Each structure stands twice: as structure tokens, then as C-alpha cells.
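Here is a short set of exercises to work through with the model open in your viewer. Try each task before you read its solution.

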Amino acid sequence: PPPPIAKMHRGTYLEDTVADDMGGGGSFVEQHLSDLYESIASNLLANLSSEYASVVASTAATYSIYSFVSNASLVRPLGEMGRLRITQDLADFELALEQLVFKGG
């Protein structure tokens, strides 16, 4: 299967998809990434010393930001609703990564 972040290229931000999802299906980050970061924190970082876990968490967060922004910048076509959805997903993404780094120490 493709990496979770690559799923944003499957029409997540098309106007008709965004309009259909406004009913409360959750953001892209909530559907595909939040559980992944929670799993990393509980299954991997919890087993490391706090010094090393902090380094691993911040490195993973840095790469995740790079990957998310790089992939989001390639999404086309992108209408007004799609841009608003990406903006909301960036806020959700920030919260997910904040929790990862916090749990990393």
C-alpha cells in the first residue's frame, strides 16, 4: 500500500470530495496520520530513553513536515474549498506532531 501521506493525491482535496466530506468525515490528517503518529509514540518512542526519544521524535516531525508540505504543494486541481481544507489539515497536522514530540520527551 502507498504511504499514508501519499493518499492525499487520490482526490482528497477535489471540490466535490471536499463538499461531500464537510458532513463530518474528519480531516485527512485525522483519517490517515493521527493514528500513525500515536502508534509511533506508544510503540516505539515509549521504549527509548527520553534523550534518544526526543531526538527521534523531533527528527520524525521534521521529515513529516517536509513530506506533508511537499506533497500538498503538488495537489492539483485545487479550488477554494480544497485550499481551506488543506489549511485545516495543516492545523490538525501541527497538533498531531506536537503530541508526538511531547510524548517523545
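**Exercise 1. Compare the span of helix H4 (residues 50-72) with the span expected for it.**

Step 1: Helices here are DSSP runs of H or I with at least four residues, strands are runs of E with at least two, and both are numbered from the N terminus. H4 has 23 residues.

Step 2: The expected span is 1.5 Å times one less than the number of residues, and for H4 this gives 33 Å.

Step 3: From its first C-alpha to its last, H4 reaches 32 Å, close to that expectation.

Before going on, a word on the source. This is a predicted model, in which local features need pLDDT of at least 70 and side-chain atom pairs count only at pLDDT 80 or more, while totals for chains, interfaces and linings use all residues. Residues are numbered from 1 along each chain as its sequence is written, and side-chain values use heavy atoms, with hydrogens and water left out.

**Exercise 2. Find the buried residues of H4 and what covers them.**

Step 1: Take buried as under 20% relative accessible area, exposed as over 50% and partly exposed as in between, with a 1.4 Å probe and protein chains only.

Step 2: In H4, the buried residues are Ala53, Ala57, Ala61, Ser64, Ser67, Phe68, Asn71 and Ala72.

Step 3: Their cover includes helix H2 (28-32), H3 and H5.

**Exercise 3. Inspect the peptide bond between Arg76 and Pro77.**

Step 1: Locate Pro77 in the loop between H4 and H5.

Step 2: Read omega, which is about -15°, for a cis bond.

Step 3: Set this against the general pattern: most peptide bonds are trans, and most residues other than glycine have a negative phi.

Step 4: For a phi value to look at, go to Gly105, which follows H5 and has a positive phi near 115°.

**Exercise 4. Contrast Leu97 and Val101 of H5: is each buried or partly exposed?**

Step 1: Both belong to H5, as Leu97 is placed there and Val101 lies there too.

Step 2: Leu97 has a relative accessible area of 6%, so it is buried. Val101 has 35%, so it counts as partly exposed.

Step 3: List the contacts, meaning heavy atoms within 4.5 Å. Leaving out residues up to four places away in sequence, Leu97 touches Tyr37, Ala61, Ser64 and Ile65. With neighbours within four places set aside, Val101 is in contact with Ala57, Ser58 and Ala61.

Step 4: Check C-alpha distances. Leu97 and Ala61 are 36 residues apart along the chain and separated by 5.9 Å. Val101 and Ala41 are 60 residues apart in sequence and 8.4 Å apart in space.

**Exercise 5. Describe how H3 (residues 34-44) packs with H5 (residues 80-104).**

Step 1: Fit the axes as lines to C-alpha atoms over the stretch in contact, and take the angle, from 0 to 180 degrees, between N-to-C directions. The two axes come within 9 Å and cross at roughly 5°.

Step 2: Classify the angle: under 35 degrees is roughly parallel, over 145 roughly antiparallel, 65 to 115 roughly perpendicular and the rest oblique. H3 is therefore roughly parallel to H5.

Step 3: Name the partners. H3 brings Ser34, Tyr37, Glu38, Ile40 and Ala41, and H5 brings Phe93, Ala96, Leu97, Leu100 and Lys103.

Step 4: Sort them, with Ala, Val, Leu, Ile, Met, Phe, Trp, Tyr, Cys and Pro as nonpolar, Asp, Glu, Lys and Arg as charged, and the others, Gly among them, as polar. The contact of H3 with H5 has seven nonpolar, one polar and two charged residues.
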